[in-house]
Amino acid sequence: MAIGPRFPQVLSSAAEGADWAWAELYRDLSPALLRYLASQGAVDPEDCLGECFVHMVRRLSAFEGDEAAFRAWAFTIARSRLVDSWRSAGRRPVRPSDTVAETLDLSQHHPGADGGLDQREAVREVLDLLTPDQRSVLLLRVLDQFSVAETAAIIGKSEGAVKVLQNRALNTLRRRLAPRPGSGPAPRPAAPKPTVLH
Amino acid sequence: MGLDESEVSRLLRGDVPNDDPVWGEVSGFLDTVGTAYPAVPTTAFEGRHLAAIAHETRLVQSELRHPRQGAVKRLFTGSHRVLAGSVGAFLIALTAGVGVASALGINPLGQLLAPPPVASSVVPQATSPEADTSSAAGNNGDESGTVSPEAVPGSVPTPTTLPTPHPTATKTPGSVGDEHKNSRATEKANNAATPTPHNTKTPKPRITKTPAPPKATPAPPGKGKNG
């Protein structure tokens, strides 16, 4: 949910230390940031999210731009915290963390939890075919609709490298998802079952 | 297989139909990615995070109100780091240099601290066989006060000075026979001793940190000869 035309006012108030402004920025960005951190395998996505906003408070004076630029800047900080999380854990995860699924179960937003879990597991199994950078680029462009330039700034690579990563990711998915001649249908995540959201 | 950027953009936006012969499967898959990673509500820990944000804003605002304290702190930290780094680099370089010198057999500390060997202490002994030929017999001034040839008649004088690293071949004209006998024994002594003025064959020491001592005192005649 974007802040919209009020963003400059909210940003200036946040720079002055207004708690309401930071609360509004937090509610606008935290769900997407948490999803990004969880999908990239952060050790503790919730703690990483808190650290992200603390760093945003410290560095806000160095930021200049509109709401889209602020969003990309927030993801850049999240990326830094993510890398620190990997380093502290002494590893680079190859599989996204399951915190998102657990949070979904607790939030009771999906009554058909079994079906949702199966679908999520199927999607993750396919995404595991990609390298961490490929998965990161794909999720940033698909889930958050970042441009090539914004994605490059977030992950700290050039635009050309981002294009290469996304093309390779898409080609890998096409090869693995395409039906093989003479065989059954290709492995594909099950179509979402209609559920009633409360 | 190269992908057109416009085609990729359509695919990532979900504008490619699922029945597309090439990218239909991928398009359908990308549609389901959002279900695997939905936007998660953060109400469960929003209060904790907002409290941390509020605390950090207080610190930042306080630092903005008192920039001098922060600036001085930052300046001191920066200069302190530079100073510590410079001192550390100097110590490392010094230690490395001493280690290399020691490995080469050079005593750097000895070179720096030890006084230059006094050549006069060896002069009477070292020049005894050569001085016979080059200088007139006469004074046997043992100026150095060290062991005089009289104390050790006919024996190979033992140099009492520090051995010098530069061997020099010293051969003086004159008593060739005796010189050969004592040449090696006195070679080291000659290294410390200044070649006699008449000793034109004495090469200049290659490595020397000692100034040329004064003229060597001639040894008494007949001293230093074996036998």
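**Exercise 1. Find the residues with which H3(A) and H4(A) meet in this predicted model, then work out how the two helices are oriented**.

*Solution.* Start with the residue lists. On the H3(A) side you'll find A:Cys48, A:Glu51, A:Cys52, A:His55 and A:Met56, and they meet A:Ala74, A:Ile77, A:Ala78, A:Arg81, A:Leu82 and A:Ser85 of H4(A). Sort them by class and you get 7 nonpolar, 2 polar and 2 charged residues.

Now the geometry. H3 of chain A covers residues 45-59 and H4 of chain A covers residues 67-89; their axes come within 9 Å and cross at roughly 130°. An angle between 115 and 145 degrees is neither roughly perpendicular nor roughly antiparallel, so H3(A) and H4(A) are oblique to each other. As for handedness, H3(A) passes H4(A) in a right-handed crossing.

**Exercise 2. Check whether the length of H4(A) agrees or disagrees with the expected span, and list its buried residues**.

*Solution.* Take the length to begin with. H4(A) has 23 residues, and at 1.5 Å a residue it should span 33 Å. The count that enters the product is one less than the number of residues. The end C-alpha atoms of H4(A) are 33 Å apart, which agrees.

Next, burial. The buried set is A:Phe70, A:Arg71, A:Ala72, A:Trp73, A:Ala74, A:Phe75, A:Ile77, A:Ala78, A:Arg79, A:Arg81, A:Leu82 and A:Ser85. Their cover includes H1, H2, H3 and H8 of chain A.

Last, look just past the helix: A:Gly90 takes a positive phi of about 75° right after H4(A).

**Exercise 3. Describe how H2(A) packs on H3(A): angle, handedness and residues**.

*Solution.* The axes of H2(A) and H3(A) are 9 Å apart, and the packing angle is about 135°. That makes H2(A) oblique to H3(A). H2(A) passes H3(A) in a right-handed crossing.

For the residues, H2(A) brings A:Tyr26, A:Ser30, A:Leu33, A:Leu34, A:Leu37 and A:Ala38, while H3(A) answers with A:Pro45, A:Cys48, A:Leu49, A:Cys52 and A:Phe53. By class this contact has 10 nonpolar residues, 1 polar and no charged.

Two names should ring a bell: A:Cys48 and A:Cys52 meet residues of H2(A) here, and they also meet residues of H4(A).

**Exercise 4. Do the analysis again for H1(A) and H2(A). Is the crossing left-handed or right-handed?**

*Solution.* H1 of chain A runs over residues 7-15 and H2 of chain A over residues 19-39, with axes that come within 7 Å and cross at roughly 125°. H1(A) and H2(A) are therefore oblique to each other. The crossing of H1(A) past H2(A) is left-handed.

The contact is built from A:Val10, A:Ser13 and A:Ala14 in H1(A), and from A:Ala21, A:Trp22, A:Glu24 and A:Leu25 in H2(A). Sorted by class, that's 5 nonpolar, 1 polar and 1 charged.

**Exercise 5. How enclosed is H7(A), and what happens at A:Gln145 in the loop between H7 and H8?**

*Solution.* Count along the helix. Of the 11 residues in H7 of chain A (residues 132-142), 9 are buried, so H7(A) is largely enclosed by the rest of the structure. The buried ones are A:Gln134, A:Arg135, A:Ser136, A:Val137, A:Leu138, A:Leu139, A:Leu140, A:Arg141 and A:Val142.

Then move on to the loop between H7 and H8 (148-155) of chain A, where A:Gln145 sits. A:Gln145 has 10 C-beta neighbours inside 10 Å, so it counts as exposed. Its phi is positive, about 55°, although A:Gln145 is not a glycine.

**Exercise 6. Set the two chains side by side, then describe what chain B brings to the contact with chain A**.

*Solution.* Chain A has 9 helices and 0 strands; chain B has 8 helices and 0 strands. Buried residues are 40% of the 198 residues in chain A and 26% of the 227 residues in chain B. Among contacts with a separation of 6 or more, residues 24 or more positions apart account for 63% in chain A and 73% in chain B.

Now the interface. The contact takes 43 residues from chain A and 34 residues from chain B. In chain B, helices H1 (5-13), H2 (24-36) and H3 (46-65) each supply at least two residues of the side that touches chain A. H3(B) gives the most, with 11 residues. By class, this side of chain B has 22 nonpolar, 8 polar and 4 charged residues.

Key
Residues are numbered from 1 along each chain as its sequence is written. Chains are lettered from A and ligands numbered from 1 in the order in which they are written. This is a predicted model: local features need pLDDT of at least 70, side-chain atom pairs count only at pLDDT 80 or more; totals for chains, interfaces and linings use all residues. Two residues are in contact if their C-beta atoms, placed from the backbone, lie within 7 Å. Helices (H or I, at least four residues) and strands (E, at least two) are DSSP runs, numbered from the N terminus. Ala, Val, Leu, Ile, Met, Phe, Trp, Tyr, Cys and Pro count as nonpolar, Asp, Glu, Lys and Arg as charged, and the others, Gly among them, as polar. Axes are lines fitted to C-alpha atoms, for helices over the stretch in contact, and angles run from 0 to 180 degrees between N-to-C directions. Angles under 35 degrees count as roughly parallel, over 145 as roughly antiparallel, 65 to 115 as roughly perpendicular and the rest as oblique. A crossing is left-handed if the near helix is turned anticlockwise from the far one by less than a right angle, and right-handed if clockwise. A residue is buried if 20 or more other C-beta atoms lie within 10 Å of its own, exposed if 12 or fewer, and partly exposed in between; C-beta atoms are placed from the backbone.
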